[in-house]
Amino acid sequence: TIIINCQDNDTKLGLIDGQQRTTTFLLLLKALLLSINTAIGKTATDDESESLCRGLKERRRRIMGILYKAETEDISDNPDQERDKKICNNSLLLENFSINELYKSELNTILQAVDYEEIESAMTIVNSKGLKLSYKSAYGVFVVGVVAKDGDDTRTGFKVKLGQSLEDFDVDTVVKEACDDAINALHGTQCESKKYKVLFAPNVFSSLISVLMSNISGDSVNKGRTLLKDKLNQEVASKKFTLIENPHSKEYPYFYRAFDDEGVATYKKAIVEKGVLKTFLYNIESAKEAKTSSTGNGYGGAAIGISTSFLQVKPGKKSKEELVAKINNGIQITNVQGLHAGMNPLSGNFSLQASGYRIENGKITTPVNLITIAGNLFEVFKDIDEVGNDLHLSYSGILTPSVIVKKLAISGK
């Protein structure tokens, strides 16, 4: 975690609080190191496990380097009791220092390090009727988390990016985006309580789509637990909203699925097309109950439910800046909290704590915080006024741009 201290117009970086003792921090690192050492010993040495084993060994070296201030070249790939003991005996009594004191000289190096992982997965389905299907996928995950502090105010910035290799990521740009999000949100105030034109950031709109999808589940339809149960081929959203499931996307292959967990072939399909609900989503069981066919959306391993692989909102033609320019007095919502507790998925009514920025005369101005947005999920989708082209891919597999909603009640001061 990065701490950015902005006091006295002098940006300083630190790890956690300089006054905080490191005992707990070091104990956690030691526990993690023991687990990794054990895992290295149990990991198979075949080709399929090579990447996993390589990752474990790299993390072992990094943790020992931090834990004992050791040089990487002095640390063996595999646990070596005698060699590890020598490194430990030569280390400092770390518990007597605060984190900032201990790592003062290495601070910038530590802060510039971000988490990157490469994930490989494979799946094979075989049954007694002769079915045998398999697939493999691989992608990289790049994560940056920062915290900005100024006086008593603390804000966070968080970015997750997906790619096929490390070369796909512009590290400096992603780190800057996360830092900007945290710093720009400092000292937010409450806005006046009234209805505003709202610009939903992609990450927030993708969360709303996730709730909408529970209402398009065939299981919910069969049990009458969705207000959309009688809305097939009817308008349920703005004509500017089109939502597609594309499990075979070549541009975004991270969520590629040729078949679902029941062995049913997947295919590209419009779920909502120009505001019209085109299909519900079914696994084999729910499709049988509805006397229809599975849509290839049976996922969940042992307990098969209904889900999607990769969803994408059809982008509009306007950039985020052009969307902002259309709003004279509005609010950009960049974060919501309590989505599960504050959202009734059946009725669609919600009341959520949120934060974001004021939009005044076509420009994003000051941050807003401790506000509450309230409305109805289904009305939000009907009130979509503009869809941007600033596509953002969420870690859950939803690709969406910023979206303007005509009006939404916001409570502040």
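**Reading the model by its definitions**

Guide: Helix α7 covers residues 202–214, 13 in number, and spans 19 Å from first C-alpha to last, close to the 18 Å expected at 1.5 Å a residue. The model is predicted: local features need pLDDT of at least 70, side-chain atom pairs need 80 or more, and totals for chains, interfaces and linings use all residues. Residues are numbered from 1 along each chain as its sequence is written, and side-chain values use heavy atoms, without hydrogens or water.

Visitor: Why is α7 called a helix?

Guide: A helix is a DSSP run of H or I with at least four residues, a strand a run of E with at least two, both numbered from the N terminus. α7 has 13 residues, so the length requirement of at least four is met. The expected span is 1.5 Å times one less than the number of residues. For α7 that gives 18 Å, against 19 Å in the model. The protein has twelve helices and 19 strands.

Visitor: Which residues of α7 are buried?

Guide: Pro202, Val204, Phe205, Ser206, Leu208, Ile209, Val211, Leu212 and Met213. Buried means under 20% relative accessible area, exposed over 50%, and partly exposed in between (1.4 Å probe, protein chains only). In the protein, 44% of the 413 residues are buried.

Visitor: What makes Asp153 buried rather than exposed?

Guide: Its relative accessible area is 12%. That value is under 20%, so Asp153 counts as buried. Asp153 lies in strand β5, residues 153–163.

Visitor: Which side chain makes a polar contact with that of Asp153?

Guide: That of Arg155, at 3.1 Å. A polar contact is a pair of N or O atoms within 3.5 Å; within protein, one must be able to donate a hydrogen and the other to accept it, and residues adjacent in sequence count only if both atoms are side-chain atoms. At 3.1 Å, the Arg155 pair is inside the limit. The Asp153 side chain also reaches the backbone nitrogen of His187, at 2.4 Å.

Visitor: What does Asp153 touch beyond four places in sequence?

Guide: Ala148, Ala185, Leu186, His187 and Gly188. Contact means heavy atoms within 4.5 Å. Of the protein's contacts with a separation of 6 or more, 66% join residues 24 or more positions apart.

Visitor: How do you know that Gly298 is buried?

Guide: The relative accessible area of Gly298 is 0%. Gly298 sits in strand β10, residues 298–299. Among the residues it touches are Asp260, Tyr282 and Ile304. Gly298 and Asp260 are 38 residues apart in sequence but 5.6 Å apart in space, C-alpha to C-alpha.

Visitor: What makes a set of residues a nonpolar core?

Guide: They must be buried Ala, Val, Leu, Ile, Met, Phe, Trp, Tyr or Cys, joined through side-chain atoms within 4.5 Å. The largest such core has 49 residues, and Phe200, Phe205, Phe241, Ile333, Ile373 and Phe381 touch the most other members. Its largest share, seven residues, comes from α7. A second, separate core of eleven residues includes Tyr116, Val144, Val146 and Phe169. Back in α7, Phe205 touches residues including Phe200, Phe241, Phe381 and Ile384.

Visitor: Why are β6 and β19 called paired?

Guide: Two strands pair if DSSP finds at least two bridges between them. β6 (194–200) and β19 (403–411) share six, in the antiparallel sense, so they qualify. Lys194 stands opposite Ile410 in β19. β15 (363–376) also runs antiparallel to β19, with three bridges, and Ile373 faces Ile410 there. β16 (384–387) joins β19 by three antiparallel bridges, with Ile384 partnered by Val405.

Visitor: How many bridges join β14 and β15?

Guide: Ten, antiparallel. Glu360 has Lys363 in β15 as its bridge partner. Two residues lie between the strands of this hairpin, where Asn361 takes a positive phi near 50°. β14 (349–360) also pairs antiparallel with β13 (329–337) over eight bridges, and Ile331 stands opposite Arg358.

Visitor: What makes β9 and β17 edge strands?

Guide: The order of the open sheet is β9-β8-β7-β12-β18-β17, with mixed pairing. β9 (276–277) and β17 (392–393) each have a single partner strand, so one side of each lacks a neighbour in the sheet. Inside that order, β7 (243–245) and β12 (311–313) pair antiparallel over three bridges. Ile244 stands opposite Gln312.
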